[in-house]
Structure formats: structure tokens, C-alpha cells
Amino acid sequence: DVSPVVAGLIGATVLVVSVSVTVFVWTCCHQQAEKKHKTPPYKFIHMLKGISIYPETLSNKKKINRIRRDKNGTPKETGRGNLLVDAAESGLIGSNKAPDGPSAAPHVDQLPIKVDYGDELSPDQSLTPGGSKTSSPSSPGDDVMLGELTFSVDYNFPKKALVVTIQEAHGLPVMDEHTQSSDPYIKMTILPDKRHRVKTRVLRKTLDPVFDETFTFYGIPYSQLQDLVLHFLMLSFDRFSRDDVIGEVMVPLAGVDPSTGKVHLTREILKRNIQKCISRGELQVSLSYQPVAQRMTVVVLKARHLPKMDITGLSDPYVKVNVYYGRKRIAKKKTHVKKCTLNPVFNESFIYDIPVDLLPDISIEFLVIDFDRTTKNEVVGRLILGAHSITAGGVEHWREVCENPRKPVAKWHSLSEY
């Protein structure tokens, strides 16, 4: 015999447990049903010669599997050895920058600023109006044919996915004078939001690369295809400096109809035009040089009209300031992060000891970077003032600073793409 009180407690406990289990099971089933009917946006699959190397469910640390080939050329997936997507260009991981040769500026070690060679790239090699290195004698010019790119566009209606296959390129220019060849790869972006950014692997020493890589982008309604533009940026990998920009291909999807099946396209690769790029915003900086103290004061004031880098439609920007002497970075500093804003106000100053006789060889690089706690920080835009400035405004700003000692000179500058 059980007393009524104990019986009541047992009954209540059984009832609570039963209700909790029922709610838990219902919640799990409901979540599974939602996942089946709702496709997360900004997700893609990367197929390399028919083998999925980027899984459908990408984590923050995106990984791919190495692909091995047997003697017959049949690809085999290995369970070990993962590469970060950012270094998927076959050879980027563990590749250190080689020291510069005799062309490097002399007496760098005698500078009063601590030398930091790091892995940053020198501005004189990286930014030209075409985005390629100035020191490369074989950089493509106006009279050089840049080749053609062949690709296809398809749309998967059941999965609401855009499928882009980068097939091959022909007739690329020589970017490496030593091997008389190139190491091409392609970065692809879906404009105007630039939220879908992918790139192919690097193919070594070829002017007619065959990529055969398929990218599948989920969460893109078919009704929005007419507003999108595919941007293909053809580059040549360089282990010791910034990669050469060969050219670009812009394909508006307004003239492409993949509703009836895969559409094969061939487009001529054109020289990159910086003016066609979407604005990266503006940065206001102030420079002042004290000839007696031999100090350069750099003030990062504010930025405006920065592009939206987060899903929320905002950004978390900060500015990294690098000082170069010739081709060597000799100092680096950065501002604080400004949360959730496209028009940040920094008002942070940095002081550098720079002798007067070194001013003609000094360049100051400003990198506006979007901070991300879970993934890799992304460069929003770039500005260079000094010996390697590529814009008329940058040259004029530096000239005023040198000709007006002890006077702070503040100006707005448009940011270029990194």
C-alpha cells in the first residue's frame, strides 16, 4: 500500500518526465523539418573534376581534402591532410617570402625603427593602376592579348543553387620571365554584394590552364539572377611577392538564361580597370613631419562609405598602418576596432622616427580591415602615401607634407581594392 502523498508525487514526476520527453522529441523533429525546407544562404560546394572537395556544410574553418592520383591518373581522396581554403592554391602553405636580392634598399638595419620583415608585401611591387607589379617586365599592356576564359553557368531549381563551372583558359600572357610561363589561378566573386568569394587551385607553368572546377552557390533565388554579375579575376601566383593580375572578365547574368540547361560561355580576358571596381569607401588621414626631431606623425582620422562586409549590413573596421623603406616594412601599428559602423571615427595618432634623408624612399600603407571574431579578417580597402603612391591625390598629399614641415596636412582619399 502507498500513501496518497507518495502516489501523488510519483504521478506528478511521471507526468513531468513524459511532458519533457514529448516536448524534446517534438522540438528535434521540428528543427529537422525546418532544415529540410530551409537552405542556409551563402553556402557552396566546390567540385574539382567531379569530386566534391568543399563539403556542403561549411564550418568557420573551411577545409578541403587533398586529392592524390595513382599511376593511371585516377583521383583518390585521402582522409588525412586538410588545407585551409585561403591556402588552397597548392603551395601557399608554408611558403616563406624569400629575401630580396641586391635590388633591396641598403642600410635598412641602420634605421632607428625596428625592422620587421614579416610576411607583408611591398607596396612598390603590388599596386599599379592595373593591380600588377611594376617590376614585372612582362606585365600585360594595352597591346598584349590576355587570352580567353571558358566557363559555364547553370541553375539548380530544386536546391535554388547557382552552378558555375570554370573550365579552362587559353592564350594567357607570360608573367614569369625566368620560366617564360605563368602559374595561373582564378578568383571569382558574385557582384554587387561580393559575399560569394571563391578561387580555383593554382596550375603551375602553363599558359593554357584546364581548371575544370565547379562552384555551387546555395540560397540564390532565380528571380535575383538578373541583378547579379560574375567577376572572374585571373592571377598568376608568385611565391616571393604579390601575385600578378593578368586580367578580368565581367559577365552580367542579365543576358544569360540557364533555365533550359547549362549555358557555355567564352569571354575575352580584359585588362583590369580599377575605375570599374565598386567603391571601397574613403579614408581621411593627416600627416605632419618634424624635421628637427625627425619624426613623422600619422593621424588616422575617420572613414566613410565603407562597403557592407557583414550579413547585418555593417562592418567592424580598423586600420592597420605599415611603414615601408624601399621594399622593406620597418614598422606596423593598428587602430582600435570600431563596432557596427560604415563611417567609423578613429582619431588615433602614431609617431615614427624617420631621418630626413630617408623621406624620398618612405611609403606609408593604410589597410582598412573588417574584424571578424569567428573567421579570417578581410581587407576592405587600401591606401598608399609616399614614394610608391599610385594616385594623383596621394602624390600631392605627400608633396605638401614634405614641403610644409611642422604643418599637419589632412585629406580624404579613395580606397583601392586590396
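**Close-up views of a predicted model**

**View 1. Cysteines without a partner.** The sulfur of Cys29 sits 6.8 Å from the closest cysteine sulfur, the one in Cys28, and that is too far for a bond. A disulfide would need the two sulfur atoms within 2.5 Å. Please keep in mind that this is a predicted model, and that a search of the whole structure finds 0 disulfides. Another cysteine to look up while you are here is Cys402, which is partly exposed at a relative accessible area of 39%.

**View 2. Helix H1 and its nonpolar patch.** Helix H1 takes in residues 4-37, and Val25 has its place there. Together with Val17, Val21 and Phe24, Val25 makes a nonpolar surface patch of about 380 Å². How much of Val25 is open to the probe? Its relative accessible area is 43%, so Val25 is classed as partly exposed. Patch members need over 30% relative accessible area, and the 43% of Val25 fits that requirement.

**View 3. The annotated span, residues 6-29.** An unreviewed UniProt entry carries the annotation "transmembrane region" for residues 6-29. In the model, this span is 100% helix and 0% strand. If you would like a distance to check in your viewer, the end C-alpha atoms of residues 6-29 lie 35 Å apart.

**View 4. Strand S6 between two pairing strands.** Strand S6 runs over residues 161-170, and 7 of its 10 residues are buried, so the strand is largely enclosed by the rest of the structure. Strand S5 (residues 148-156) pairs with S6 in the antiparallel sense, with 9 bridges. One bridge to pick out joins Tyr155 to Leu162 in S6. S5 and S6 form a hairpin with 4 residues between them, and in the turn Lys160 has a positive phi of about 50 degrees. S6 also pairs with strand S9 (residues 210-218): the two run antiparallel and are joined by 7 bridges. Here Thr165 has Thr214 in S9 as its bridge partner.

**View 5. Strand S15, covered along its length.** Which residues of S15 point each way? Pro317, Val319, Val321, Val323 and Tyr325 point one way, while Tyr318, Lys320, Asn322 and Tyr324 point the other way. All of these residues are buried, and the count for the strand (residues 317-325) is 9 of 9. A lysine and an asparagine are therefore among the buried residues, where buried means under 20% relative accessible area.

**View 6. The partners of S15.** S15 pairs with strand S18 (residues 362-370) in the antiparallel sense over 9 bridges, and Pro317 stands opposite Asp370 in S18. Strand S16 (residues 328-334) also runs antiparallel to S15, with 6 bridges joining them. Look for Lys320 opposite Lys334 in S16. S15 and S16 form a hairpin with 2 residues between them, and Gly326 in the turn has a positive phi of about 65 degrees.

**View 7. His413 and Gly393.** His413 belongs to strand S20, which covers residues 409-414. Is His413 buried or exposed? At 6% relative accessibility, His413 counts as buried, because buried means under 20% relative accessible area. His413 and Gly393 are 20 residues apart in sequence, and their C-alpha atoms are 7.1 Å apart in space.

How values were computed: Residues are numbered from 1 along each chain as its sequence is written. This is a predicted model: local features need pLDDT of at least 70, side-chain atom pairs count only at pLDDT 80 or more; totals for chains, interfaces and linings use all residues. Side-chain values use heavy atoms; hydrogens and water are left out. Patches are made of residues with over 30% relative accessible area and no salt bridge: like charges are joined within 9 Å, nonpolar side chains (Val, Leu, Ile, Met, Phe, Trp, Tyr) within 5 Å. Accessible areas come from the Shrake-Rupley method with a 1.4 Å probe; for residues, only the protein chains shown count as cover. A salt bridge is a side-chain nitrogen of Lys or Arg within 4 Å of a carboxyl oxygen of Asp or Glu. Buried means under 20% relative accessible area, exposed over 50%, partly exposed in between (1.4 Å probe, protein chains only). UniProt positions are given in the numbering used here, feature names are shortened, and annotations may be inferred rather than shown by experiment. Two strands pair if DSSP finds at least two bridges between them.
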